[in-house]
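User: Could you walk me through one part of this model in detail, and then show me how that part fits into the rest of the chain? I'd like one connected account rather than a list.

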Amino acid sequence: MSIISEFMNKEHAQLDDLWLNFLELCEDLEAFTRTSELFDKYKTMLLVHMKLEDEYLFPRVSQHLGFEDDAPLIARARDDHKVLLKLLALTEEAFLKQDIERILLVGNNFKQASIKHHERESEIQYPVSDKFISEDEWLEILVSVCDQPKDL
Ligand SMILES: [Fe+2]
Ligand SMILES: [Fe+2]
């Protein structure tokens, strides 16, 4: 059973693609409106993805491992999220100022941090989740976060 890994790794791939498209489009100021829509799409998708992890998946993993608060592997992932959100906010700030040099600087830092974080989750947090969260429970979690099941 690897339902969590399959679903979440697929979202990581979609997020990584969107971010690369965003960075590419940033080099073309003419495409500001289209790039802005792409950034909003990325941000919305990332926030839902993180909500799934922060509010549902991570507490379940900590609970399963017998921790009242965050298990150490979960604390690490939450710290990653804080860094990613900070870098995302800095990228957005630079984007709104149309400061291309800074967008690329901060946006590429975001990309590297995001790749590392995705690697860790796909090697650690997701496989652990796969071991004890059933397909039914996962569907319930998706419904509670997204109001309806997302495509599995
Ligand atoms: Fe995450
Ligand atoms: Fe993730």
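Analyst: Let's begin with E92, which is found in helix α3. Please keep in mind throughout that this is a predicted model. With 17 other C-beta atoms within 10 Å, E92 counts as partly exposed, because a buried residue needs 20 or more such neighbours and an exposed one has 12 or fewer. Its C-alpha atom is separated by 22 Å from that of D54, a residue 38 places away along the chain.

R76 lies in α3 too. R76 has 14 C-beta neighbours inside 10 Å, so this residue is also classed as partly exposed. A distance helps to place R76 against the rest of the chain: H117 is 41 residues away in sequence, yet the two C-alpha atoms are 9.6 Å apart.

Now for the helix that carries both residues. α3 has 25 residues, and its C-alpha atoms reach 36 Å from first to last, close to the 36 Å expected at 1.5 Å a residue. Confidence is on its side as well, since the mean for α3, at 97, is the highest in the protein chain.

Which residues of α3 are buried? They are I74, A77, L88, T91 and F95. It helps to recall that an α-helix has 3.6 residues a turn, so residues three or four places apart point the same way. The buried residues of α3 pack against α2 and α4.

F95 is a good one to zoom in on. If we leave aside neighbours within four places in sequence, F95 is in contact with F39 and I103. F95 also belongs to the largest nonpolar core, a set of nine residues made up of W19, F22, C26, F39, L88, F95, I103, V106 and F110. The elements that give two or more residues to this core are α1, α3 and α4. α3 is represented there by L88 and F95, both on its list of buried residues. There is also a second, separate core of eight residues, and I74 is one of its members, along with others including F58, V61 and A71.

What comes after α3? The helix is followed by Q98, which has a positive phi. Most residues other than glycine have a negative phi, and most peptide bonds are trans. The phi of Q98 is near 55 degrees, a positive value in a residue other than glycine. Q98 sits in the loop between α3 and α4 and is exposed, with 12 other C-beta atoms within 10 Å.

Past that loop, we come to α4, which runs over residues 100–132. This helix has 33 residues and reaches 45 Å from its first C-alpha to its last, close to the 48 Å expected at 1.5 Å a residue. α4 does bend, by about 45 degrees, at E121. E121 is itself buried, as are I103, V106, G107, F110, S114, Q125, Y126, V128 and S129. Of these, I103, V106 and F110 are also part of the largest nonpolar core. The cover over the buried residues of α4 includes α3 (72–96), together with α1 (3–26) and α2 (32–64).

Further along is α5 (residues 135–146), where E135 is found. E135 is exposed, with 11 other C-beta atoms within 10 Å. Its C-alpha atom is 6.7 Å from that of I3, although the two residues are 132 apart along the chain. Confidence is lowest in α5, where the mean is 89.

Stepping back to the whole chain, there are five helices and zero strands, so along the sequence the pattern reads α-α-α-α-α. The C-alpha trace spans about 50 × 30 × 20 Å along its principal axes. For 152 residues, a compact globule would have a radius of gyration near 15 Å, and the 16 Å of this chain agrees with that. Buried residues make up 20% of the chain. Among contacts between residues at least 6 apart in sequence, 62% join residues at least 24 apart. As for how far to trust the model, the average pLDDT is 93, and 96% of the residues score at least 70.

Conventions. Residues numbered from 1 in each chain as written. Chains lettered and ligands numbered in written order. Predicted model: local features only at pLDDT ≥ 70, side-chain atom pairs only at ≥ 80, totals over all residues. Helix = DSSP H or I, 4+ residues; strand = E, 2+ residues; numbered from the N terminus. Expected span 1.5 Å × (residues − 1). Bend = angle between axes of the 7 residues up to and from the residue. Contact = placed C-beta atoms within 7 Å. Rg over C-alpha atoms; globule rule 2.2 N^0.38 Å. Core = buried A, V, L, I, M, F, W, Y, C linked by C-beta atoms within 7 Å. pLDDT = per-residue confidence, 0-100.
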